[in-house]
Amino acid sequence: MGRRADHDTLLRELATPSAAFQALYVVSGDEPLLLVEAADAIRARARQDGFTERSSFTLDARADWSPLFAVAQNISLFGDQKLVDLNIPSGKPGKPGADALQKLCQLISGGQMDGTSFLIQLPRLDKATRNSKWCQALEQAAYWVEIQPINRNSLGGWIAQRLKSQDQSLERNSLEWMADKVEGNLLAAHQEIQKLALIYPPGQLSQEELENAVLNVARYSVFDLRDSMLAGQSQRALTVLDGLQAEGEALPLVLWAVGEEVRTLARLSQARQQGQDLSNLFRQYRIFGPREKLVRQALDRIPPQSWPASVLHAHDIDRLIKGLHPNGRQQDPWEEMRRLTLRIAVATQAPRR
């Protein structure tokens with residue numbers, strides 16, 4: 001019979017030698033970092049348990065699903081155990097895939113797949129898909145790991161837990177500061193946490209140490225990019241962006257800095273159109289000092305009707321990073337990041353006299 005677990009429960013059980021390795025794992029969700037961690041932990045435990053062979057498939061509604069069974073049922077000359085890794089990025093296997101998945105569940109439940117285990121990766125599924133026959137069959141046969149997003153209220157605790165695993169800690173205010181910097185992007189948070197382990201010894205870290213690590217380790221920071229863009233310094237903005245790429249900065253973090261600014265400006269522009277008091281909103285969004293001047297300048301120079309397209313552009317870059325390809329965009333998400341940066345920087349340049 002199938003069972004359900006979350007990301008942390010899965011990792012704890014896989015780290016317990018006495019816990020049995022399952023014949024079928026399903027990992028489902030939209031949080032890239034946690035999906036990768038869960039899948040990697042399953043593969044690592046498989047290797048530890050003697051699964052020396054591994055086959056990988058990426059299939060969809062138009063694919064030929066027969067090789068999945070050919071590999072699974074091919075008997076190894078040396079009697080090695082096998083792990084079959086199946087990724088269904090769309091979450092829509094189509095009729096051939098649905099039939100194949102139901103057959104697979106029947107074979108596993110009937111003990112006809114001894115020596116072979118399966119890892120199936122799916123995105124977050126909608127209600128209609130969950131009610132489909134193939135999904136119900138997986139639910140009944142698999143160890144199903146549902147990856148839940150980490151919301152803003154839980155992010156500080158999540159960061160604290162990760163820091164604890166490397167014998168470091170932060171005070172509550174510092175945890176909230178860090179959560180603000182990486183909100184909605186666990187990959188960026190994970191990289192910053194790893195950076196802290198490389199820079200500082202175990203123990204409690206100060207706010208100053210945290211800020212130095214997050215903001216000043218690289219020659220360029222995502223905040224340099226944001227400020228150059230809002231100041232209309234198009235050439236410097238591109239130089240900073242190229243520097244971030246060369247230094248190995250994670251593109252999701254770069255997109256977070258630029259995309260969050262674009263979304264904030266879009267909200268502020270709409271609010272000003274509606275006659276709202278921007279001073280209160282500036283406090284709400286923590287906009288003050290030199291940044292406030294840049295934001296007001298951008299609001300003055302870019303018409304309100306331009307912001308929705310910029311927000312959509314940022315959304316499309318996020319989709320590119322996740323392996324999707326929106327119509328009308330380049331394949332390279334860094335190239336689209338340059339286009340979005342230029343879009344804002346050029347629009348905020350001082351008018352010529």
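User: How many helices and strands are there in the protein chain?

Analyst: In this predicted model, the protein chain contains 17 helices and eight strands. Its C-alpha atoms fill a box of roughly 80 × 50 × 35 Å, taken along the principal axes.

User: And what share of the residues count as buried?

Analyst: Of the 353 residues in the protein chain, 47% count as buried. As for contacts, if one takes those between residues at least 6 apart in sequence, 72% of them join residues at least 24 apart.

User: Let's go to helix 1, which of its residues are buried?

Analyst: The buried residues of helix 1 are H7, T9, L10 and L14. They cover an arc of only 165 degrees around the axis, which puts them on the same side of helix 1.

User: Why would residues three or four places apart point the same way?

Analyst: An α-helix has 3.6 residues a turn, so residues at that spacing point the same way.

User: What do the buried residues of helix 1 pack against?

Analyst: Their packing partners are strand 1 (3-5), strand 2, helix 2, strand 6 (143-146) and helix 7 (152-165).

User: Switching to aromatics, how many aromatic pairs are there?

Analyst: The count comes to four aromatic pairs. In one of them, the ring centres of F21 and Y25 are 5.1 Å apart and the planes stand at 50 degrees, so the pair is tilted, given that angles under 30 degrees count as stacked and those over 60 as edge-to-face. F21 is buried at a relative accessible area of 15%, and Y25 is likewise counted as buried, at 2% relative accessibility.

User: What about F21 and F51, how is that aromatic pair arranged?

Analyst: F21 and F51 form a tilted pair, with 5.1 Å from centre to centre and 50 degrees between the planes. This pair links distant parts of the chain, 30 residues apart: F21 belongs to the loop between helix 1 (7-14) and strand 2 (24-28), while F51 belongs to the loop between helix 2 (32-48) and strand 3 (53-58). F51 counts as buried too, at 9% relative accessibility.

User: Which residues form the aromatic cluster?

Analyst: F21, Y25, F51 and Y143 form one aromatic cluster.

User: Which ring does K103 lie over?

Analyst: K103 lies over the face of F69, at 4.8 Å from the ring centre. This lysine is found in helix 4 (residues 94-109), where K103 counts as partly exposed at 44% relative accessibility. Looking further along the chain, the C-alpha atoms of K103 and D60 are separated by 16 Å, the two residues being 43 residues apart in sequence.

User: Different topic, how many disulfides does the structure hold?

Analyst: The structure holds zero disulfides. C105 is in no disulfide, and the nearest cysteine sulfur to it, that of C135, is 9.7 Å away, whereas a disulfide would need the two sulfur atoms to be within 2.5 Å.

User: Are C105 and C135 buried or exposed?

Analyst: C105 counts as buried, with 5% relative accessibility, and C135 also counts as buried, with 0%. Seen from the other side, C135 is in no disulfide either, and its nearest cysteine sulfur is that of C105.

User: Now helix 13, how many residues does it have and how far does it reach?

Analyst: Helix 13 (residues 251-273) has 23 residues and reaches 32 Å from its first C-alpha to its last, which is close to the 33 Å expected at 1.5 Å a residue. Helix 13 is also mostly covered, with 17 of its 23 residues buried.

User: What is helix 13 followed by?

Analyst: Helix 13 is followed by G275, a residue whose phi is positive, near 80 degrees.

User: Last one, where is R296 and what does it touch?

Analyst: R296 has its place in helix 15 (residues 290-301) and counts as partly exposed at 32% relative accessibility. Leaving aside residues up to four places away in sequence, R296 touches S279 and F282. R296 and L230 are 66 residues apart in sequence, and their C-alpha atoms are 9.5 Å apart in space.

Definitions and conventions:
Residues numbered from 1 in each chain as written. Predicted model: local features only at pLDDT ≥ 70, side-chain atom pairs only at ≥ 80, totals over all residues. Heavy atoms only, no water. Phe/Tyr/Trp six-rings, centres within 6.5 Å; stacked < 30°, edge-to-face > 60°. Buried < 20%, exposed > 50% of the residue type's maximum accessible area, 1.4 Å probe, protein only. Helix = DSSP H or I, 4+ residues; strand = E, 2+ residues; numbered from the N terminus. Lys NZ or Arg CZ within 6 Å of the ring centre and 35° of its normal. Expected span 1.5 Å × (residues − 1). Arc of directions from axis to C-beta. Contact = heavy atoms within 4.5 Å.
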